Amino acid sequence: MVFLIIDNPLVICNKLKQIDMKLERNIEKILRIALEKREENKTFRQLLQKQNANYVDALVNQLNDTIAAQIDCLECGNCCHNIRPIASDKVLINYVEPENIEKYKYSMGFACKNLDGNKCIIYSERYDECRMFPYLYRADFVLRLPGVLQNYEICPIVFNVVEQLKIKILKT
Ligand code: SF4
Ligand code: SF4
């Protein structure tokens, strides 16, 4: 395998806009593939740590812009159906009924109390965590990769960004 060390991020980011990406949107398939790729992703994390962190952030931002624009969150809704562990009662109360706090404190994948089907009934006043999810605009993507890879299992945007990032950085 040949590792591409790309020294001109702007040129590459501009080229990304022109790429016709085949995106995976099927959440069952994404979870299955994500579980199969756990070892591959550990190796990818080690390789990313050797890249320039600012370059990786720029690439992730560009991929996020391109991919998020092609995925309809209203059709998906998977993050709202798969709340990941929240240890703080103060935050958890936003997502579960008070009587369910203990039950869901360290649970994986429970549905938010504010859902009506795939729709959020408090959408215009939803919490900052919801607005920012899946957090791909945040800096230090490489440092945050363990958390990103948890979201990769449930979020088509994260899944496709990470898979396209692999192609850009690792392609032979
Ligand atoms: S508050 Fe709304 S946007 Fe946030 S997790 Fe619940 S349903 Fe989703
Ligand atoms: S942020 Fe990700 S998991 Fe949440 S609805 Fe959008 S595509 Fe689905």
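## Overview of the chain

Of the 172 residues in this chain, 20% count as buried. Please keep in mind as you look around that this is a predicted model. The average pLDDT over the chain is 87, and 88% of the residues score at least 70. One stretch to treat separately is residues 1-19, where pLDDT stays under 50. For that stretch the model has 19 contacts beyond four places in sequence.

The chain holds eleven helices and two strands. Following the sequence, you will meet them in the order α-α-α-α-α-α-α-α-β-β-α-α-α. Taking the contacts between residues at least 6 apart in sequence, 73% join residues at least 24 apart.

## Helix α4

A helix worth a visit is α4, with 16 residues. From first C-alpha to last, α4 reaches 22 Å, close to the 22 Å expected at 1.5 Å a residue. Its buried residues are Val56, Leu59, Val60, Gln62, Leu63, Asn64 and Ile67.

## The largest nonpolar core

In soluble globular proteins, nonpolar side chains tend to be buried together. Here, the largest nonpolar core has 20 residues, and those touching the most other members are Val60, Tyr152, Cys155, Val158, Phe159 and Val161. Two or more residues of this core come from each of α2 (27-36), α4 (53-68), α10 (145-152) and α11.

Val60 ties the two topics together: this residue is buried in α4 and is one of the core members that touch the most others. Val158 is another of those members. Beyond its neighbours within four places in sequence, Val158 is in contact with Pro134, Leu136, Val148, Asn151 and Tyr152. Of these partners, Tyr152 also belongs to the group touching the most other core members.

## Around ligand 1

Which residues surround ligand 1? They are Cys80, Tyr95, Cys112, Asn114, Leu115, Cys120, Ile122, Arg126, Tyr127 and Cys130. By class, this shell divides into eight nonpolar residues, one polar and one charged.

## Around ligand 2

The shell around ligand 2 consists of Ile71, Cys73, Cys76, Gly77, Asn78, Cys79, Phe133, Pro134, Ile154, Cys155, Pro156 and Ile157. Elements giving two or more residues to this shell are α5 (73-76), α6 (78-81) and α11 (156-170). The shell has ten nonpolar residues, two polar ones and no charged ones.

Two residues link this site to the core described above. Cys155 is in the shell around ligand 2 and is among the core residues that touch the most other members. Pro134, also in the shell, is in contact with Val158.

Notes. Residues are numbered from 1 along each chain as its sequence is written. Chains are lettered from A and ligands numbered from 1 in the order in which they are written. This is a predicted model: local features need pLDDT of at least 70, side-chain atom pairs count only at pLDDT 80 or more; totals for chains, interfaces and linings use all residues. A residue is near a molecule or strand if its C-beta atom, placed from the backbone, lies within 6 Å of it. Helices (H or I, at least four residues) and strands (E, at least two) are DSSP runs, numbered from the N terminus. Ala, Val, Leu, Ile, Met, Phe, Trp, Tyr, Cys and Pro count as nonpolar, Asp, Glu, Lys and Arg as charged, and the others, Gly among them, as polar. pLDDT is the predictor's confidence in each residue, from 0 to 100. Two residues are in contact if their C-beta atoms, placed from the backbone, lie within 7 Å. A nonpolar core is a set of buried Ala, Val, Leu, Ile, Met, Phe, Trp, Tyr and Cys residues joined through C-beta atoms within 7 Å. A residue is buried if 20 or more other C-beta atoms lie within 10 Å of its own, exposed if 12 or fewer, and partly exposed in between; C-beta atoms are placed from the backbone. The expected span of a helix is 1.5 Å times one less than its number of residues.
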